[in-house]
Amino acid sequence: MSWTNYVSCEHFKFCTKEKKKTFLELVETMRSLLTCNSVNILATAFSLFFPAHLLSYIFAAFAVFMITCCMPLLDSKPISSLSIVGYHNMGENRKFGQIILPRMTTNKILHHQELHGDQSISDVSGIVDETLGKSPLDRQDTLKYRVFASTWNIGGIAPTDDLDLEDWLDTRANSYDIYVLGFQEIVPLNAVNVLGPSKRCISTKWNSLIGKALNKKKTRDGAQLQHTTTNSSAMESFGQEECFICIRSKQMVGIFTSVWVRSNLRLYIHHLDASCVGSGIMGYLGNKGSVSVRFLLHETSFCVVCCHLASGGKQGDVLLRNFDAADILARTRFHGGGGGNKKLPKKILDHDQVVLLGDLNYRISLEEPETRLLVKAKNWSTLLENDQLVSEFSTGRLFEGFQEGPVTFSPTYKYQPNSDQYYWCFEAARGEKKRAPAWCDRILWRGKGLKQIQYGTCDYKLSDHRPVRAGFIAECRIRGDAEDSIGGFMR
């Protein structure tokens with residue numbers, strides 16, 4: 001049925017032919033007046049042939065209702081294909097959608113809940129900043145997320161099945177949206193492991209332990225819920241709650257990078273890619289080097305670089321570390337094709353936000369006896385004045401544009417495993433060096449919209465290194481058009 005026949009049906013037999021014609025012309029005109037949201041305009045128009053002022057307003061309101069109902073008949077496209085469905089739309093289309101079609105407004109709210117789950121980003125991230133994760137409904141051009149980053153040199157020690165990682169991942173005290181984790185030496189760096197195929201079973205085991213720790217609270221709550229209620233709808237609701245999922249992990253010999261996000265963010269993450277650079281034996285083997293993972297969250301590109309640079313405390317070894325770092329920055333490549341006119345960053349420094357972490361192996365440029373005395377006295381300021389990485393920062397020879405938070409924790413290397421004591425406090429085996437302590441494990445970052453809120457270490461004694469971790473607030477750009485904001489570009 002055409003809209004003309006629809007309006008001309010028996011409900012309008014009370015009108016004269018002339019008034020009916022005038023009414024149909026007004027209905028046609030209404031289509032161009034809807035964006036004005038003015039019943040007064042319609043009432044004025046109706047008053048030309050309805051003498052009663054109140055009656056004019058009644059028919060004006062009735063006309064708005066009728067045209068709202070007729071919209072699916074006036075256009076060949078279904079409502080769902082109209083541009084006004086997007087709750088992120090700006091300009092006239094957004095006003096149009098807010099003025100009419102209340103049913104579509106309800107759909108927008110339901111669709112927003114469907115995308116974000118029962119708990120909004122602001123609920124998750126409100127601990128640090130009230131503006132964290134604010135919805136685009138608030139006309140924000142950016143969203144903020146909490147990011148946890150950590151590096152840990154395992155020293156080739158396999159984890160036990162009951163290893164609890166909750167304290168390391170800070171899941172009890174804080175809540176994060178994204179976890180970027182870098183490991184070094186998850187397998188011993190012997191000839192078999194360096195030259196042979198990677199032992200994926202070790203990285204799989206680490207991922208299993210990480211997932212168990214990140215989702216432990218959900219598991220506990222689910223078990224408690226099952227014991228305290230028999231309401232099937234409650235159990236169904238729990239089953240749909242968000243959890244943490246691994247979006248990408250990559251291993252090269254002993255270097256392993258793993259990235260985890262809240263499940264309700266997965267729809268907004270796209271163009272995942274990984275790149276490995278070996279800089280070890282002969283300058284190319286994977287006993288040293290990097291494993292990098294990049295992704296786009298909304299419209300902001302992230303790159304996580306997990307490094308293991310050249311070791312050694314001799315004079316000149318710092319130059320080898322500098323060369324490894326420069327080599328990693330130069331040789332790391334990602335796929336650049338984004339489809340359409342979109343160009344993706346190909347190199348590490350092309351990304352909007354970069355976190356570079358790992359066993360960078362920079363030492364303290366003091367004689368070992370003096371270093372040990374300063375460590376005993378906990379004189380961190382004097383030690384940091386002679387820290388090789390701090391020196392590289394100050395001279396600008398390397399890591400230009402990168403930042404590091406204040407180092408207020410003890411040197412992270414070299415400890416006696418399963419002990420609070422540094423290795424030099426114990427008798428070394430014959431021929432084994434008593435290495436002086438150093439801040440080998442570091443986290444650097446760069447990029448607009450990335451702010452560090454935490455930097456420290458934690459007391460895990462599995463290896464001769466202590467894990468280092470950092471917390472960030474990451475600000476992400478979003479698109480203004482509805483299709484992309486809702487997820488039309490997701491991969």
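In this predicted model, Trp439 keeps plenty of company: leaving out residues up to four places away in sequence, it touches Tyr362, Ile364, Trp380, Leu383, Leu384, Asp387, Val407, Phe409, Ser410, Pro411 and Thr412. Trp439 also belongs to the largest nonpolar core, a set of 48 residues in which Leu297, Trp439, Ile443 and Phe472 touch the most other members. The top contributor to this core is strand β11 (residues 468-477), which supplies five residues. Another core lies apart from it, with 25 residues that include Ile154, Leu163, Tyr176 and Tyr460.

Strand β4 (residues 255-262) is a good place to look next. Eight of its eight residues are buried, so the strand is largely enclosed by the rest of the structure. In a regular strand, side chains alternate between the two faces of the sheet. Here both faces are covered, with Ile255, Thr257, Val259 and Val261 buried on one side and Phe256, Ser258, Trp260 and Arg262 buried on the other.

As for pairing, β4 runs antiparallel to strand β2 (residues 178-184), joined by six bridges, and Ile178 has Val261 as its bridge partner. Strand β3 (residues 244-252) is antiparallel to β4 too, through eight bridges, with Gln251 standing opposite Phe256. β3 and β4 make up a hairpin with two residues between them, and Val253 in the turn has a positive phi of about 55°.

Over in strand β6 (residues 289-297) sits Ser290, which counts as buried because its relative accessibility is 0%. Beyond its neighbours within four places in sequence, Ser290 contacts Met252, Ile255, Ser275, Cys276, Val277, Val305, Cys306, Cys307, Ile328 and Thr332.

Terms used. Residues numbered from 1 in each chain as written. Predicted model: local features only at pLDDT ≥ 70, side-chain atom pairs only at ≥ 80, totals over all residues. Heavy atoms only, no water. Helix = DSSP H or I, 4+ residues; strand = E, 2+ residues; numbered from the N terminus. Buried < 20%, exposed > 50% of the residue type's maximum accessible area, 1.4 Å probe, protein only. Contact = heavy atoms within 4.5 Å. Core = buried A, V, L, I, M, F, W, Y, C linked by side-chain atoms within 4.5 Å. Pairing = 2+ DSSP bridges.
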